[in-house]
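Here is a brisk report on one chain. Look at the sequence and the model first, then read on.

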Amino acid sequence: MKRQRRPRKAAKKRLVEAEAWDEEVDEAQETPADEPDETGWKTSTAQMAGLSRLVRAGVWALVVSGPVLGTLAFLSSSAPAQGATKPAPAATSASSVGPTGFAELFVSAYLQAGQGTERDLAPYYSGSVALSVKPGTRTATQSTVIASREVQPGYWSVTVAADVTAHDDKGKSKRLGVQYYRVGIQATGPASAGGTEQSATAGYAATSLPAQVAAPTALKPGGLAYETDRGSSSADPSVETARGFLAAYLTGTTELDRYTSPGTRLQPISPAPYAAVKVTGVQDDSSGPGQQKVPADGTVLHQLVQVDATDQAGSPVSLSYALTLKSRAGRWEVASVDDAPAIRASSPPSAAPHTPTPSPDASTASPSPSPSNS
């Protein structure tokens, strides 16, 4: 039996080697299909041949596909991800701070300049200027920008309100009132300076002398939410709370905490600007007659309080305060000093005719100069 097994093993070895090299082997040398080998598995020439061909096909497939797979891997790593979108750069709005500040300085210099001092306008306007008015005839005691608009990128239209005072040859001064001047300003530099360039250096230039324009349309405010007039009676607990709070707030003569709700962080004005406070009128948003009794805890009341405060020199000053009160433990307490008086819902302002208040010497004031000052 041992001698028979050795030839069979040798035959199997030759068969495997031949199949690996794709050689033909006689069927007579194959191991019988129904005779098990010493491992207990049944094998045949067809099975071995099929396995060999499968292995060779897999090897050749890997060899052929290697360059293709490598190219695809390179392209996939270098190409941007399809699902990721690049964020669009945020649009930067041009700032009006630089052009408006420049325009305000220009208007102030223009009002004070005159014949022989035209060079004072050179930092603002490089055009030819010939002024006929005497220098110092007018000055802007104060000025502010009330409107600005970017006409086109880097080019601004700015309106400046100036409180103008006229000076005569004898040294007397007369207030002419608030006048309005519009000027065109070109800006260079980045958007933060009002320009359109990437340069960090900003620059400004007026395109003409200022033009005096009409005052903006006056508006009549919408209706306020305080529809009930409480007067200034000390019999109303809410009025008394407002009186005590504002006296402590403006004069510092008493503690503020005794009039405020727990947790509020209100502080009196320091140093105290006034010596005395008198309440002249109170309006609120409650309905019905004056409240002699404080309602249930948590009730909210909004007030608009008018006061005459006397300063340290003895002069009265009229002021208005919007307050929010809350009831607690049978008394009213101030919860906040509101940022602005409350208005009724759907009550926008409406246009009103402009009726400027004349100054005391308006009847003797000289007429306003021409817009071009030349």
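Ser346 sits in the loop between strand 11 and strand 12 (350-352). The model is predicted. Phi of Ser346 is positive, about 55 degrees, although the residue is not a glycine. Ser346 counts as exposed because its relative accessibility is 78%, against a cut-off of over 50%.

**A hairpin with a second positive phi**

Ala329 lies in the loop between strand 10 and strand 11. Its phi is near 55 degrees, again positive in a residue other than glycine. Ala329 is exposed, with a relative accessible area of 60%. Strand 10 and strand 11 form a hairpin, and two residues separate them. Strand 10 covers residues 316-328 and strand 11 covers residues 331-337. The two strands pair in the antiparallel sense over six bridges. Arg328 stands opposite Arg331 of strand 11.

Two further backbone features deserve a look. The peptide bond from Ser270 to Pro271 is cis, with omega near -5 degrees. Pro271 belongs to the loop between helix 4 and strand 8. Gly252 follows helix 4 and has a positive phi, near 70 degrees. Most residues other than glycine have a negative phi, and most peptide bonds are trans.

| Site | Backbone value |
|---|---|
| Gly252 | phi near 70 degrees |
| Ser270 to Pro271 | omega near -5 degrees |
| Ala329 | phi near 55 degrees |
| Ser346 | phi about 55 degrees |

**The chain as a whole**

The chain holds four helices and twelve strands. Of its 374 residues, 28% are buried. Its exposed area is about 23,500 Å², and carbon and sulfur atoms supply 55% of that area. Take the contacts with a separation of 6 or more: residues 24 or more positions apart account for 60% of them.

**Helix 4 and its surroundings**

Helix 4 is mostly covered, with eleven of its 15 residues buried. Among the buried residues are Val239, Phe245, Leu246, Tyr249 and Leu250. The buried residues of helix 4 pack against strand 7 (228-231), strand 8, strand 9 (300-311), strand 10 and strand 11. The hairpin strands are therefore among the partners of this helix's buried residues.

Does the length of helix 4 fit its residue count, or depart from it? At 1.5 Å a residue, its 15 residues should span 21 Å, and the end C-alpha atoms are 21 Å apart, which agrees.

Thr260 is found in the loop between helix 4 (237-251) and strand 8 (274-284). Is Thr260 buried or exposed? Thr260 counts as buried because its relative accessibility is 8%, and the cut-off is under 20%. Its side chain makes a polar contact with the side chain of Thr264, at 3.5 Å. Beyond neighbours within four places in sequence, Thr260 is in contact with Phe245, Leu266, Glu333 and Val334. Phe245 is one of the buried residues of helix 4.

**Helix 3 and the largest core**

The largest nonpolar core has 26 residues. Which of them have the most contacts inside it? They are Phe106, Leu111, Leu121, Val158, Val183, Ile185 and Leu209. Helix 3 (97-112), strand 2 (155-167) and strand 3 (173-188) are the elements that give two or more residues to this core. Helix 3 gives the most, with seven residues. Another core lies apart from this one. That core has 22 residues, among them Leu250, Leu301, Trp332 and Val334.

The buried residues of helix 3 include Gly98, Pro99, Phe102, Ala103, Phe106 and Leu111. They pack against strand 1 (138-152), strand 2, strand 3 and strand 4 (203-206). The 16 residues of helix 3 should span 22 Å at 1.5 Å a residue; its end C-alpha atoms are 23 Å apart, which agrees.

Val183 ties several of these parts together by contact. Leaving out residues up to four places away in sequence, Val183 touches Ala103, Phe106, Trp156, Ser157, Val158, Ala206, Ser208 and Pro210. Ser157 is found in strand 2. Ser157 counts as buried because its relative accessibility is 17%, with the limit at under 20%. Apart from neighbours within four places in sequence, Ser157 is in contact with Ala147, Ser148, Arg149, Val151, Arg182 and Val183.

Key: Residues numbered from 1 in each chain as written. Predicted model: local features only at pLDDT ≥ 70, side-chain atom pairs only at ≥ 80, totals over all residues. Heavy atoms only, no water. Buried < 20%, exposed > 50% of the residue type's maximum accessible area, 1.4 Å probe, protein only. Polar contact = N/O pair within 3.5 Å; in protein donor to acceptor, adjacent residues only side chain to side chain. Contact = heavy atoms within 4.5 Å. Core = buried A, V, L, I, M, F, W, Y, C linked by side-chain atoms within 4.5 Å. Pairing = 2+ DSSP bridges. Expected span 1.5 Å × (residues − 1). Areas by Shrake-Rupley, 256 points an atom, 1.4 Å probe, with all protein chains shown as cover.
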